[in-house]
Amino acid sequence: VYVPGCQPDHVRSEKHICDDRWHFLAMVSEPERIRLFVDGEPVADQAVKRTRPAPSAAALPLGIGQLVERGLGCQGLIDDMRLSRGVRDIK
């Protein structure tokens, strides 16, 4: 996941998901930590530090499967997406 305004600005996993199978992906973003999950299993847990103030939620650009400016995208399908306020248990 690319998170501009944070240091580090990427959270990476070694989990391979480009295998022509459906996967359930989840990200838990907290002020000082980002965690990634694939099919309910944790695959990354990275401490992050904001390098600039977070924008308000109304002004926050969000790209799913692409960069916000659309310079880079994916060829995969997104079947369902859920945004939640607060930290949820990922199973």
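**Close-up views of a predicted five-strand chain**

**View 1. Three strands side by side make an open sheet.** In this predicted model, the strands line up in the order E2-E3-E4, and their pairing is antiparallel. Which strands stand at the edges? They are E2, residues 25-30, and E4, residues 41-47. Each of these two has a single partner strand, so one side of each is left without a neighbour in the sheet. Going from one strand to the next, the twist averages 15°.

**View 2. Strands E2 and E3 meet in a hairpin.** Follow the chain out of E2 and you pass through two residues of a hairpin that joins E2 to E3. Strand E3 covers residues 33-38, and E2 and E3 pair in the antiparallel sense over six bridges. How many bridges you can find by eye is a nice exercise, and two pairs of residues help you get started. Methionine 27 has leucine 36 in E3 as its bridge partner. Valine 28 stands opposite arginine 35, also in E3.

**View 3. Arginine 88 reaches back to an earlier part of the chain.** Look for arginine 88 in the segment after strand E5, which spans residues 49-50. Is arginine 88 buried, exposed or partly exposed? Its relative accessible area is 37%, so arginine 88 counts as partly exposed. Setting aside neighbours within four places in sequence, arginine 88 is in contact with Val28 and Arg82. You have already met Val28 in View 2, as the residue opposite arginine 35. Methionine 27 is another residue to find here: 61 residues separate methionine 27 from arginine 88 along the chain, but their C-alpha atoms are separated by 9.9 Å.

**View 4. Aspartate 20 sits in a loop.** Where along the chain should you look for aspartate 20? Aspartate 20 has its place in the loop between E2 and strand E1, which covers residues 6-7. With a relative accessibility of 86%, over the 50% cut-off, aspartate 20 counts as exposed. Now find glycine 76 as well. Aspartate 20 and glycine 76 are 56 residues apart in sequence, and from C-alpha to C-alpha they are 8.9 Å apart in space.

**View 5. Two cysteines show two kinds of surroundings.** Which of cysteine 6 and cysteine 18 is buried, and which is exposed? Cysteine 6 has a relative accessibility of 8% and so counts as buried. Cysteine 18 has a relative accessible area of 67% and is exposed. If you search the structure for disulfides, you will find zero.

**View 6. Stepping back shows the whole chain.** Read along the sequence, the pattern is β-β-β-β-β. The chain has five strands and zero helices. Along its principal axes, the C-alpha trace spans about 40 × 30 × 25 Å. A compact globule of 91 residues would have a radius of gyration near 12 Å, and the 14 Å of this chain agrees with that. What share of the 91 residues is buried? Buried residues make up 12%. The accessible surface comes to about 7,800 Å², and 50% of this area belongs to carbon and sulfur atoms. Finally, take the contacts between residues at least 6 apart in sequence: 40% of these join residues at least 24 apart.

Definitions and conventions: Residues are numbered from 1 along each chain as its sequence is written. This is a predicted model: local features need pLDDT of at least 70, side-chain atom pairs count only at pLDDT 80 or more; totals for chains, interfaces and linings use all residues. Side-chain values use heavy atoms; hydrogens and water are left out. A disulfide is a pair of cysteine sulfur atoms within 2.5 Å. Buried means under 20% relative accessible area, exposed over 50%, partly exposed in between (1.4 Å probe, protein chains only). Two strands pair if DSSP finds at least two bridges between them. Helices (H or I, at least four residues) and strands (E, at least two) are DSSP runs, numbered from the N terminus. Axes are lines fitted to C-alpha atoms, for helices over the stretch in contact, and angles run from 0 to 180 degrees between N-to-C directions. The radius of gyration is taken over C-alpha atoms; the globule rule is 2.2 Å times the number of residues to the power 0.38. Contact means heavy atoms within 4.5 Å. Accessible areas come from the Shrake-Rupley method with a 1.4 Å probe; for residues, only the protein chains shown count as cover.
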